[in-house]
Structures are given as C-alpha cells and as structure tokens.
Amino acid sequence: MVGFLSLDDVDTDELHKIVGRSATVLDQPDPLEKRLSGKVLGVYFAKTSTRTRTAFSTAALRLGASIVQYGPGDLQLNTGESLHDTGRMFGAMLDGLVMRTAGPLEDMRVVARSGGLPVVNAMAAQEHPTQGVCDAAAMLRHFGRVDGLSVLYVGEGNNTAVALGKILSTYRDVTVVFATPKGYGLDAALLDSLREKGAESGTRFVETHDLDTVDITADVVYTTRWQTTGTAKPSADWREDFRPFHVDDEVMARWPEAVFMHDLPAHRGDEVKGSVLDGDRSIAWEQARMKYGSAVAILEWIYRDSGQSAR
Ligand SMILES: NC(=O)OP(=O)(O)O
C-alpha cells in the first residue's frame, strides 16, 4: 500500500522524479498510457476545491480509472461511523482514495491503514503535499531548475507553506524566506526540521514578520489567500495583521526579476492586487494548470507497478 500522504514519506529521488514528470505532462499530448485501467478510485472532498478535485478526477479518468465522488455530506461519517470503519469499506471496494479534509493528517493515515489502500492527501490541516509537488514542478518548468532559486513566500504559514518548505528542502542551495503575519507563522518545530533538512543541501530557511526588511534577490514572490480552506482565524480583526502582506505592484517592484506565484483561489484586493495576479510577471495560471500535471505524475507513481494492484 503506497499512497501520498506527506512529502516526508517519499524518498527525495522519487519525489524529484514525480516533480520532473509533472513538468512534462503538460507538454505531452493525450493519450496518456492507461496505467490505472480497470481501477476504481474514490474522490472524497469534505472541503471545497476547484483545482485539486478537478485535477485528480481528470487525471484518474485520463489514466483509465473510474472514479466515485463523495462530497462533504455524502458519507456515513456524518452520522457517526468511525474513520476506521469507513476506511475498511473503502478498502473493500476501491483501489485508492483521494481525500481532502480540514482535519489532521492522522485521519488519512487511519483510513489508509484500516482500508489497506493508497490514499492521496489532497489537503489536510498540516500539509498540502500535492500543492508542493505542483509548485516545484511549476518552478522547474519556468526556470529549468529548482536548485539555487530564491523564493519569497508572503502570507500565512499554512498547509501550502508547509508543503512548499518541505519540497524546497529537498533541493540544493535554495533560499526560502517566509514573510508571515505575527501570530500566523510556521510552527517552530516544523521550521527547525526544515532548517535541519536544508542544511544537508545548502538550502536555508528564514522567517520574518516584517516584509519591509526582506533583502534577498528573489526569483519568486509567492502568496496565498488569507483565509485558508477549512480554517478560521482566532480574532475578529485579523485582517489588520494581514494587510502589510498584500502583494501589489509596489511590492513586486522591489523584486524586479521575480515571477509571481499563487496557489489559488485568489481574493483580489486581499493578498494580491489584480494587476499582479493577472500581470505579465504572474505564472500563477500556469502553476494552476500544473495541478493536473502533478496529479497525473502522483497517480502514475502510486500505480507504477503496472498490471499489479497497488493494494
Ligand atoms: N490550490 C488548491 O488546492 O486549490 P483548490 O482548493 O481549488 O483545490
């Protein structure tokens, strides 16, 4: 049973192969090899999604699988059935599951263990690993490399930031600055683990709560929406804390060589000005298309032993 629950679970060489494959999928015309022919995947999204759900559904279909879709109100989980029992039922009938919740990653591990089936983490509270693959692949496709890039992340230290940090920690000589609102930064233990991992390959991580003091020469300015899917801010006046992290043309002018990235969905006027998101330096829409490329690459990797059940 091999799923895709956390970037921590995947060997670096394998991860880089997945990123490399993601970056080529967009340039490869259909048809894809039907690596998932005869398989049936569950696609369970307990939280809203436009990109990830569409990407994994279309990727599974184009790879030859059939899919069964479940929305937030569909499962007997809502009436009190346990995750363990739910996983057992999925495992009895499905060949894999793509799953999004706002809950802990451990919930997905329970489903994977009890069902004995591969589970893809399409976003959990702690980590959005498929987004990390997508983002690294978008950088690879644009720059021809990930090694040596300087990335300025502006916004909340959410599950997208965690995945971005984890995947960039596997590349060489990358500089990552997280400019996060005070009180909404990365978990200190996570940041320590990123620094430890990055030290092996010359990759460094810095966190600041003052965007004005950032003095790197960035290749990428990356932001994310202020209200992460499935989470709520603890204070009513949180917007005041986030306002200095709005990426507008003046912010982009400080990094004239940088491209702009965004995991989307965007809220123009909050985290980003429309002229930046839709401007010449934005690769956010190519990055969004990479959601499909990365979904294909992840599913191909999970079912890489063609002809054998991944279960
Ligand atoms: N970036 C991302 O995960 O988008 P969706 O929430 O639309 O899937």
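**Helix packing and local backbone features**

In the predicted model, helices α1 and α5 are oblique to each other, because their crossing angle of roughly 60° falls outside the 65 to 115 degrees that count as roughly perpendicular and is not under 35 degrees. The axes of α1 (residues 12–25) and α5 (residues 129–143) come within 8 Å, and the crossing is right-handed. On the α1 side the contact is formed by L15, I18, V19, G20, S22 and A23, and on the α5 side by V133, A136, A137, L140 and R141. Sorted by class, these residues comprise 8 nonpolar, 2 polar and 1 charged.

Helix α1 also packs against α11 (residues 284–302), with the two axes coming within 8 Å and crossing at roughly 135°. This pair is likewise oblique, since an angle has to be over 145 degrees to count as roughly antiparallel. The crossing of α1 and α11 is right-handed. From α1, the residues in contact are E14, I18, R21, S22, A23 and V25. From α11, the contributing residues are M290, Y292, G293, S294, V296, A297, I298, E300 and W301. The contact of α1 with α11 contains 9 nonpolar, 3 polar and 3 charged residues. Within α1, I18, S22 and A23 take part in the contact with α11 and also in the contact with α5.

A further partner of α11 is helix α2 (residues 51–62), whose axis comes within 8 Å of the α11 axis at a crossing angle of roughly 45°. The angle lies between the 35-degree limit for roughly parallel and the 65-degree start of roughly perpendicular, so α2 is oblique to α11. The crossing of α2 with α11 is right-handed. Helix α2 contributes R51, T52, A55, F56, T58, A59, A60 and R62, which meet A288, K291, Y292, A295, V296, I298 and L299 of α11. The contact of α2 with α11 is made up of 10 nonpolar, 2 polar and 3 charged residues. Within α11, Y292, V296 and I298 belong to the contact with α2 and also to the contact with α1.

The chain as a whole comprises 11 helices and 9 strands. Its radius of gyration is 19 Å, close to the 19 Å that the globule rule gives for 311 residues, so the chain is as compact as a globular protein of that length. The C-alpha trace spans about 55 × 45 × 35 Å along the principal axes.

An unreviewed UniProt entry lists residues 147–301 as "domain: Aspartate/ornithine carbamoyltransferase Asp/Orn-binding". Over this range the chain is 35% helix and 15% strand. The C-alpha atoms at the two ends of the range are 22 Å apart.

Two local features of the backbone are found in loops. The peptide bond from L264 to P265 is cis, with omega near 10°. P265 is placed in the loop between β9 (259–262) and α10 (274–277). M123 has a positive phi of about 135°, although this residue is not a glycine. The position of M123 is in the loop that lies between β4 (119–121) and α5, the helix whose axis comes within 8 Å of that of α1.

Definitions and conventions
Residues are numbered from 1 along each chain as its sequence is written. This is a predicted model: local features need pLDDT of at least 70, side-chain atom pairs count only at pLDDT 80 or more; totals for chains, interfaces and linings use all residues. Side-chain values use heavy atoms; hydrogens and water are left out. Axes are lines fitted to C-alpha atoms, for helices over the stretch in contact, and angles run from 0 to 180 degrees between N-to-C directions. Helices (H or I, at least four residues) and strands (E, at least two) are DSSP runs, numbered from the N terminus. A crossing is left-handed if the near helix is turned anticlockwise from the far one by less than a right angle, and right-handed if clockwise. Contact means heavy atoms within 4.5 Å. Ala, Val, Leu, Ile, Met, Phe, Trp, Tyr, Cys and Pro count as nonpolar, Asp, Glu, Lys and Arg as charged, and the others, Gly among them, as polar. UniProt positions are given in the numbering used here, feature names are shortened, and annotations may be inferred rather than shown by experiment. The radius of gyration is taken over C-alpha atoms; the globule rule is 2.2 Å times the number of residues to the power 0.38.
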